[in-house]
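Me: I would like a close look at a single part of this structure, the pairing around one strand, followed outward into the rest of the chain. Please keep the cut-offs explicit.

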Amino acid sequence: MHELAITEGVVAAVAERVPQSKVTSVLLEIGALSGVVAESVRFCFDLVTEGTSLEGAELEIVEPAAVCRCRTCGAEFAPDWPILLCACGSADVAIMSGQDLRILSVEVA
Ligand SMILES: [Zn+2]
């Protein structure tokens, strides 16, 4: 499972950054086009944090909408994933945001 490896990466990154502290909450951004299922990350989080400084920590996930820009007419719009199609009919669009997965903040005790 793809999300398990991702969650392990997130937990390892946090534990490495704040090695002396007990982490009480983690705020994660998972973009709508990141290909990562937030619910799966949530599910994996409890398993992965067991025995680490993140054990028992709260996991908050924000899922910002994606933004695309049409290369044909220049319009910016929120795509209806997985269909990246502009209102002008062009499918030649660039993804501006929504592919990110990042740690926004961490709270320690
Ligand atoms: Zn367009």
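Which residue stands opposite Glu-29 in β2?

Reply: The residue that stands opposite Glu-29 in β2 is Val-62. Before going further, note that this is a predicted model, in which local features need pLDDT of at least 70 and side-chain atom pairs count only at pLDDT 80 or more, whereas totals for chains, interfaces and linings use all residues. Residues are numbered from 1 along each chain as its sequence is written, and side-chain values use heavy atoms, with hydrogens and water left out.

Glu-29 belongs to strand β1, which spans residues 23-30 and pairs with β2 in the parallel sense over five bridges. Strands here are DSSP runs of E with at least two residues, helices are runs of H or I with at least four, and both are numbered from the N terminus; two strands are taken to pair if DSSP finds at least two bridges between them. Along this pairing with β2, Val-26 stands opposite Leu-59 and Leu-27 stands opposite Glu-60. The residues of β2 sort into two faces, a covered one with Leu-59 and Ile-61 and an uncovered one with Glu-58, Glu-60 and Val-62, so that Val-62, the residue opposite Glu-29, belongs to the uncovered face of β2.

On the β6 side, β1 and β6 pair in the antiparallel sense over seven bridges, and Val-26 has Val-106 as its bridge partner in β6. Together the three strands form an open sheet with mixed pairing, in the order β2-β1-β6. Its edge strands, each pairing on one side only, are β2 (58-62) and β6 (101-108), and from one strand to the next the twist averages 20 degrees. Helix α1, residues 2-17, packs on this sheet by touching β1 and β6, and its direction makes about 45 degrees with that of β6. Such angles run from 0 to 180 degrees between N-to-C directions, with axes fitted to C-alpha atoms and, for helices, over the stretch in contact; contact means heavy atoms within 4.5 Å. Helix α2, residues 38-49, lies across β1 and β2 and runs at about 170 degrees to β2. Because six of its eight residues are buried, β1 is largely enclosed by the rest of the structure, where buried means under 20% relative accessible area, exposed over 50%, and partly exposed in between (1.4 Å probe, protein chains only).

Glu-107, in strand β6, touches Lys-22, Val-23, Thr-24 and Ser-25 when residues up to four places away in sequence are not counted. Its C-alpha atom is 22 Å from that of Leu-4, with the two positions 103 residues apart in sequence. In helix α1, Ala-12 is partly exposed at a relative accessible area of 42%, and its C-alpha atom is separated by 9.0 Å from that of Thr-49, 37 residues apart along the chain.

The model also holds a zinc ion, whose protein donors are the SG atoms of Cys-70, Cys-73, Cys-86 and Cys-88, at 2.3 to 2.4 Å from it. Donors are N, O and S atoms within 2.8 Å of the metal (3.2 Å for Na, K and Ca), and sites may look incomplete because water is not among the atoms. The angles subtended by the four donor atoms are 106 to 116 degrees, which makes the arrangement tetrahedral, a term that requires all angles between 85 and 135 degrees. Along the chain the donors follow the spacing C-x2-C-x12-C-x1-C. Cys-70 in strand β3 (residues 67-70) and Cys-88 in the loop between β4 (76-77) and β5 (93-97) are 18 residues apart and link distant parts of the chain. Cys-70 is buried, with a relative accessible area of 2%, whereas Cys-88 is partly exposed at 43%.

For the chain as a whole, the secondary structure comes to two helices and six strands, in the pattern α-β-α-β-β-β-β-β along the sequence. Its radius of gyration is 17 Å, well over the 13 Å that the globule rule gives for 109 residues, so the chain is more spread out than a compact globule; this radius is taken over C-alpha atoms, and the rule is 2.2 Å times the number of residues to the power 0.38. Along the principal axes, the C-alpha atoms fill a box of roughly 55 × 25 × 15 Å. Of the 109 residues, 33% are buried.

How values were computed:
Four donors count as tetrahedral if all angles lie between 85 and 135 degrees; four count as square planar and six as octahedral if opposite donors are over 155 degrees apart and all others between 65 and 115; anything else is irregular.
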